[in-house]
Amino acid sequence: MQIIRCVLSGSYRRDFATLERDYRELVAAGCQILSPHRLTFLDRSAEFVKDVAETPLDPHEIERHHLLALRQSDLVWLHCPDGYVGVSAAMEVGYALALNVPIFSKLLPQDPVFSQLVTVVPSVFMALESLRNNQLVSE
């Protein structure tokens, strides 16, 4: 079975408990998470959240890495607590859309445009099943 490569986008500052749960679910489902590599953030209240290993990097370098990971991914998992999609996540959703990378989330984004771009599923496992079924259909 092929390993699914994914990126976890969205708010890293809001509803951290659910973000951690989603991260663990992606790992348990056998996904290779290309970005972020882990959730050991220095200051979750900072305007731009950084992992401990990203301390010397500026936000532009970190975002560039995240976008590179998006180009290599099979799916994007969007963490949008209470339907919130911030500016960085909005850019990432648009980038994923341009790359034809499917975007999944447990919650529907508040914005009516984003709500049409994201497939809402109850779990990561359902997203993977959907992705695999679509791959089988297209082969």
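Me: Taking contact to mean heavy atoms within 4.5 Å, and leaving aside neighbours within four places in sequence, which residues is L26 in contact with in this predicted model?
Reply: The model is a predicted one, and L26 is among the residues with the most contacts inside its largest nonpolar core, which has 21 residues. Once the neighbours within four places in sequence are left aside, the residues in contact with L26 are C6, L8, C31, I33, W77 and V124.

Me: Which helices and strands each supply at least two residues of the largest nonpolar core?
Reply: The residues with the most contacts inside this core are L19, L26, L75, W77 and L128. At least two core residues come from each of β1 (5-10), α1 (16-28), β3 (75-79) and α5 (124-138).

Me: How many residues does the second, separate core have?
Reply: This core includes V7, L34, C80 and V93, and C80 counts as buried because its relative accessibility is 3%. The number of residues in this second core is 16.

Me: Why is there no bond between the sulfur of C31 and the closest cysteine sulfur?
Reply: C31 counts as buried, at 9% relative accessibility, and its closest cysteine sulfur is in C6. A disulfide needs the two sulfur atoms to be within 2.5 Å, and the count of disulfides comes to 0. The bond is absent because the two sulfurs are too far apart, at 4.3 Å.

Me: In the open sheet, which are the edge strands?
Reply: The sheet is formed by 5 strands in the order β2-β1-β3-β4-β5, with parallel pairing. At the β5 end, β4 (residues 103-105) pairs with β5 over 2 bridges, and S105 stands opposite V120. The strands that pair on one side only are β2 (32-35) and β5 (119-120).

Me: At about what angle does α1 run to β3?
Reply: Helix α1 lies across three strands, namely β1, β2 and β3. Taken between N-to-C directions, the angle of α1 to β3 is about 160°.

Me: What is omega for the cis peptide bond that joins S35 and P36?
Reply: P36 lies in the loop between β2 and α2 (59-72). The bond joining S35 to P36 is cis, with omega at about -5°.

Me: Is N100 buried or exposed?
Reply: N100, which lies in the loop between α3 (87-98) and β4, has a positive phi near 60° although N100 is a residue other than glycine. Its relative accessible area is 69%, and the cut-off is over 50%, so N100 is exposed.

Technical notes: Residues numbered from 1 in each chain as written. Predicted model: local features only at pLDDT ≥ 70, side-chain atom pairs only at ≥ 80, totals over all residues. Heavy atoms only, no water. Core = buried A, V, L, I, M, F, W, Y, C linked by side-chain atoms within 4.5 Å. Buried < 20%, exposed > 50% of the residue type's maximum accessible area, 1.4 Å probe, protein only. Helix = DSSP H or I, 4+ residues; strand = E, 2+ residues; numbered from the N terminus. Contact = heavy atoms within 4.5 Å. Pairing = 2+ DSSP bridges. Axes fitted to C-alpha atoms, helices over the stretch in contact; angles between N-to-C directions.
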